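Biologist: I should like to discuss the sheet and the charged side chains of this protein. Please take me through them.

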Amino acid sequence: MKALSARTRGLRVIVVIALALTSLGEARMFARQSPIPAPQPRRLDMKLRAVLDEHRSEPQRVIIRVRGGQRPSMRRALEAHGDRILAEHPSVDALTAVVHADDLAALAGTDGVLSVSADAVVGALGLPGVADGLVGGVVDLLGGAVGIALDPAESTQSPAVPPQALRETLGLDSTWTGRGVGVAVIDSGLEMSSDFKHRVTAFYDFTGGRTQSAHPFDDYGHGTHVAGTIGSSGAQSHKREYRGLAPDVGFVVLKVLDANGAGFTSDVIRAVDFAVANRDRFGIDIINLSLGHPIYEPAASDPLVQAVERATRAGIIVVAAAGNLGRNPETGLPGYAGVTSPGNAPSALTVGALRTGGTVARDDDRIADFSSAGPTWYDALLKPDLVSPGYSIAATAARRGTLYRSYPQLKAADSDYMRLSGTSMATAVTSGVIAMMLEAHRDAQPDAPRFTPNLAKATVQYTAFAVRNDLGVEYDPLRQGAGALNGKGAIDLGRRIDTAAPQGSFWLTYTPSPYTVIAGASLPWTQNVIWGSNVIWGSTITNNQAAWASNVIWGSNVIWGSNVIWGSNVIWGSNVIWGSNVIWGSDAIGASNGDNVIWGSAGTSPENTVWKSLEDSGVGVP
């Protein structure tokens, strides 16, 4: 039989779907002005637009968001057309399905469809080298997209940062342990050992479309390392010297990555929604997301970003990795705009990575070259929110996992532990500190309301330290955010905030000195909060502001007290020098005009990317 043209196939698709819907009394859902619709690429993300541009024919895994109440109709229409439904996401009226590539334009033009996004492959953001992700039996070259942190040769030349040194670097002692705080680790799972005994409240496996309660396991090893950094008890080690930052936290482990550190966006969304729905049941205060994928669309339509925003509105503090795309893989030069999704979620606490130089002192801290810098694609948001130790961090190893078996050179002195680097590790460090901050606040203010996500973010930003490069020049906010994590300062300030105080009032029970002593040095807090793309300073955190409410999106327009002084816009300011050594291609950041970058009113809209390419990585569908 003669092959049908793409135009004819598109018409046939519409007729078939319309007939199916007519039989269900829902034909108006796909109503058209003409028999052959014009493509609607604006409703497709960049990855799917590339599929159309390249005339590719393989089926595509997509996440379809529809208008309220139209999800059942869309499901029936897709099933009638022979498409396979993989998951439903009631929280956002979305479905994940496998559709024909030829149908993408018609689907995007369908009445009631808000957006169609690729069900993109997500990868762990703390790796020793390039790792191929095996998802549903199809190999995805994750190394070139999201995963590279540092190679094994480099990592063996760097001393491991043991937990005790990490605690001292952060100014921490053993007073606070995260007791009574719950952390949901959405990652590759957890290999049970005495390090986590009696502290795993629940384990669910979301890989392969499942939502299955299971005995904890981690066939990759990334999730175990992340959990160990946050709160291993160190029971496997001599005198518990490898205990994590908050060794008494409770864990809810939600597995979304497979044995190669890869998974699908839709599974991460389901895991985040599960955490929100079961927040009270399992006592979840924090979600740790040490994973991501390249940004393919604005935050407002990115389904993974919207899942994170829902979680923060529900009162859960979401800590997300910025990504490991701060360095041009071809030239080795630093670059901007490498933040991954969901690190571009406005309300998430997005974390970049520091090298601590193997010392407790903070004056030799440097931002790791691999750590992604802002601004974010499309929205030009300032990310990361801060940076945290994330280089050569030693934590619990999953001895049966792929990482441990593939990279024996990364074992720590105690072989039950290994070292990894990446913004994943920096994210875990930050989650551990926040767990201790929440415990300290509850201890000091037992009857006061919980910390909101916005307040938690503001507290760690306000108490952060400035970070400087080898020349003594402070890094710009697009690299360091508000600065480097100050564990002791965040706890000292956090426990003094009376969250029961009326809005607009002074709410500190005691005003701590705005500096922290570490390794004999008195380090001043930046006392800045980055709200959207602006720096605000003054007495922002000392008052109960409207901005700290859970229902306020970070960076949105709110009314600040008269005592708040607004600073300059950090993206438009002159403190960032845009030169050829940081822009990877003429369209990497915006429109180039000599040595300057001109931003459009809609932010960035790239046709290429700062990382090697944004072409389809070859991921198929099972």
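Biologist: In which order do the three strands of the open sheet stand?

Modeller: This is a predicted model, in which local features need pLDDT of at least 70 and side-chain atom pairs pLDDT 80 or more, while totals for chains, interfaces and linings use all residues. Residues are numbered from 1 along each chain as its sequence is written, and side-chain values use heavy atoms, without hydrogens and water. Strands are DSSP runs (E, at least two residues; helices are H or I, at least four), numbered from the N terminus, and two strands pair if DSSP finds at least two bridges between them. The pairing here is antiparallel, and the order is 12-5-14.

Biologist: Which residue stands opposite Gly-123?

Modeller: Strand 5 (residues 121–124) runs antiparallel to strand 14, and two bridges join them. The partner of Gly-123 lies in strand 14 and is Gly-292.

Biologist: How many residues apart in sequence are the parts that Asp-285 and Arg-442 tie together?

Modeller: Asp-285 and Arg-442 form a salt bridge (a side-chain nitrogen of Lys or Arg within 4 Å of a carboxyl oxygen of Asp or Glu), with closest N and O atoms 2.4 Å apart. Asp-285 lies in the loop between helix 9 and strand 13, and Arg-442 in helix 12, so the parts tied together are separated by 157 residues.

Biologist: Is Asp-285 buried or exposed?

Modeller: Buried means under 20% relative accessible area, exposed over 50%, and partly exposed in between (1.4 Å probe, protein chains only). At 5% relative accessibility, Asp-285 is buried.
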